[in-house]
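Got the viewer open? Here's a walk through the model, stop by stop, with something to select at each one.

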Amino acid sequence: MKKVRTQLMLCGGTGCHSTGTPAVREALEKEIEQQGLSEEVQVVETGCNGFCAVGPVMLVQPDGIFYQKLDPKDIPYLVEEHFLKGRPVKKFFYKEPDSKETIPGMNDIPFFAHQQLRVMRNKGLIDPEVIDDYIARDGYFGAAKALQEMTPEQIVEEVKTSQIRGRGGAGFPTGIKWEFASKSPGDVKYVLCNADEGDPGAFMDRSILEADPHAVVEGMIIAARAINAHKGYIYARTEYPLAIRRLNIAITQAKEYGLLGKDILGTGFDFEIEIYEGAGAFVCGEETALMRSIEGKRGMPRPRPPFPAHKGLWEKPTILNNVETLANIPQIILNGGSWYASVGTETSKGTKVFALSGDIYNIGLLEVPMGISLRTVIYDIGGGIPKKKKFKAVQLGGPSGGCIPEQHLDTPVDYEEITKVGAIMGSGGMIVMDENTCMVDMARFFMDFIQDESCGKCTPCREGTRRLLQILEKICDGKGEPSDLESLDKLSAIIKDSALCGLGLTAPNPVLSTLRYFRDEYEAHIYEKRCPAKRCAALLKFEVDPELCTKCGACFRHCPTEAVIWKKKEIAVIDKEKCIKCMTCFEKCKFGSIF
Amino acid sequence: MAKLTIQDLKKIKEGASKEMSLRDEAGKVKVTVHMGTCGIAAGARDVMASLMEEMGETDRKDIRVVASGCMGMCSSEPNVTIEIEGEKPIIYQHIDRNKMRQVFKRHVLMGEVQTDFALAKM
């Protein structure tokens, strides 16, 4: 058998795809061929590596050297230097943001060093489009064990022992959910996978599906066995083309191997999976709306009970689990529930995947053990806030969540602890905001999203979120009145009490959590007509502070309407007649002299 | 393709993990071929090719082949360094296809240092 000496694990996640993986791959293969290295060096396209901020990225094995920001035009040099002559190229090493120190080895980079991989254990190690790669990493052995050696009751018991809770956001114990469904009478049951990831700033599920689609398929087989279902659906949004493509490949390969279909592994158990592509409505991530959507109806929630475990899809007992939850299941079965529960806090076990974004150096995907502090995630893994700016808050849980300010940064990653400080664990979106973020504007953004995505079935959500948005817009426009704060409080409380589904019930959270920690910013907007973060254009005067102005002329050069009057060595002045308040001068001024 | 049984699943795992062993960084033996300009001019590419042929024939999963730059002894190229875990690295000099084969079979696989070709113990 031929062997290669070096494998180039090129990241093929959506992030790196958009920054240039296909072109890099083509250049690599061409150059390897030209240098006559085709039999010695192999390119493997993997799923998301996680370090999206510096893509396209590549890990060279067995050297363990990590390259970032690859450019097709530099590939010939890289191939000759490293893969032919064995001299790693410093130009593409990771650089520490502050010290500019280069780090060649992947596991020495802080972003990777603090992580603990379980769900993402195969990331960057396997080609997600090759089933044999997954099997080589113990893939489908969990399903084999569940089908051959365990009764459905034992499977449910193992999942209960692991104490894993739903990773979609609400954190309901998965084992208990399965137990309800397995005890529900009926010979037709369904297993659903919720891949309708809709929170702004969240891309965990997409990356898992892209990096390790077989793990989700295997998780569904085990779930099906546990409740005795023979049909499953993966509900994924159409705007995840790469994830859907890889899922389709995974399902086809699993069918060819007889790991899906009739008589799986000769155990007599039948199970099939179908992908249902959703059009991308936020509300379809809500379980009852998702089921309506699969049925071909309009995606709208219905009151519970009856819970889906009794009456779900087509009124049959159904379990719906998030992508990350299902991807954990094979390892729980293979290694045992107590292995899984050995990591984490009292009430939150295992690991959690987060998508880190916003004002932070290391934007990307990471997996950490439960109980780690938010500070470690943001400063050690995330690398801190760029441009020496100050941290203001981190937003967790998307539109249903809330923000956590500096004083609570030592809160551990734990369902209960995070709820205590006014946010939710959520599905794993983590948006970091620096001092230049206006919290009123942030609440306005999320409310705009929610009122847009509200399905309109219940009045509190349909009308209430719209009113909330109008009040927030008014405050941002400088027309806020003292009574607005009271209205926000009151209206939020009513929506929280009376909305129909989970989305409506949590819809006021962005407003409530910003009111809780940043009430002073609301008050500055309303009483002083001032935006402390200088984000709300309507509240800026567009004047130049002569003491801060360095007479550099940056504002003059960038103004699209020639409203800035400036000459060399003179302080700039803004002509308010011509100014259209586009914020360009404000953003270009490095000295904060425009207010 | 016919349906798999659990035995088939195990076979696939065996086969595929051989190809993937490179991706787990740890290996017990590291064979370094010095491939600077001097090494390549003296025939390091040929040495590498014969080494890879040998690699293809063995079932061992713990051997890593690495190309590296010139180590400064251009006159003795092609050089090859063998590092076995727990032992001192041995540098071989003036290696060619045949010598590479012998070093691989005797030193890497069986642990006998081939003193005739050795340049130094580090």
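Before you click anything, one term: a residue is called buried if 20 or more other C-beta atoms lie within 10 Å of its own, exposed if 12 or fewer, and partly exposed in between, with C-beta atoms placed from the backbone. Helices (H or I, at least four residues) and strands (E, at least two) are DSSP runs, numbered from the N terminus.

Some housekeeping: this is a predicted model, in which local features need pLDDT of at least 70, side-chain atom pairs count only at pLDDT 80 or more, and totals for chains, interfaces and linings use all residues. Residues are numbered from 1 along each chain as its sequence is written, while chains are lettered from A and ligands numbered from 1 in the order in which they are written.

**Stop 1: chain A as a whole**

Select chain A and show it as a cartoon. You're looking at 23 helices and 17 strands. The C-alpha atoms fill a box of roughly 85 × 65 × 40 Å along the principal axes. The radius of gyration of chain A, taken over C-alpha atoms, is 26 Å, which agrees with the value near 25 Å for a compact globule of 595 residues (the globule rule is 2.2 Å times the number of residues to the power 0.38). Of those 595 residues, 54% count as buried.

Now colour chain A by domain, with bounds that come from an automatic or database domain assignment: domain 1 (6-108), domain 2 (131-341), domain 3 (351-434), domain 4 (439-527) and domain 5 (540-595). Pick out domain 1 and domain 4 of chain A: their centres, taken over C-alpha atoms, are separated by 46 Å.

**Stop 2: a helix in chain A**

Select residues 483-498 of chain A, which form helix α19. Its 16 residues should span 22 Å at 1.5 Å a residue (the expected span is 1.5 Å times one less than the number of residues), and the end C-alpha atoms are 23 Å apart, which agrees. Show L488(A), S492(A) and I495(A) as sticks: these are the buried residues of α19(A). Look down the axis of α19(A) and the buried residues fall within an arc of 70°, so they line one face of the helix. That arc is the one made by the directions from the helix axis to the C-beta atoms.

What covers the buried residues of α19(A)? Add α18 (459-476), α20 (502-506) and α21 (509-527) of chain A, which are among the covering elements. On the other side of α19(A), S483(A), E486(A), K490(A), A493(A) and D497(A) are exposed.

**Stop 3: over to chain B**

Switch to chain B, where you'll find four helices and five strands, following the pattern α-β-α-α-β-β-β-α-β along the sequence. Its C-alpha atoms fill a box of roughly 60 × 30 × 25 Å along the principal axes. Buried residues make up 34% of the 122 residues in chain B.

Select residues 6-20 of chain B, helix α1. K13(B), A16(B), E19(B) and M20(B) are buried there. Seen down the axis of α1(B), these buried residues fall within an arc of 125°, so they line one face of the helix. The face turned away from that buried side carries the exposed residues Q7(B) and E14(B). Now bring chain A back: α5 (131-136) of chain A is among what covers the buried residues of α1(B).

**Stop 4: where the chains touch**

Highlight the contact, counting two residues as touching if their C-beta atoms, placed from the backbone, lie within 7 Å. It takes 27 residues from chain B and 32 residues from chain A. On the side of chain B, the elements giving two or more residues are α1, α3 (44-57) and β2 (63-68) of chain B. The largest share of that side, seven residues, comes from α1(B).

**Stop 5: backbone oddities**

Most residues other than glycine have a negative phi, and most peptide bonds are trans. Zoom in on R304(A) and P305(A), which are joined by a cis peptide bond with omega about -5°. P305(A) sits in the loop between α12 (287-294) and β10 (318-322) of chain A. In chain B, the peptide bond from E77(B) to P78(B) is also cis, with omega near -10°, and P78(B) is in the loop between β2 and β3 (80-84) of chain B.

Last click: K69(A), a residue other than glycine with a positive phi, near 45°. It counts as partly exposed, with 16 C-beta neighbours inside 10 Å.
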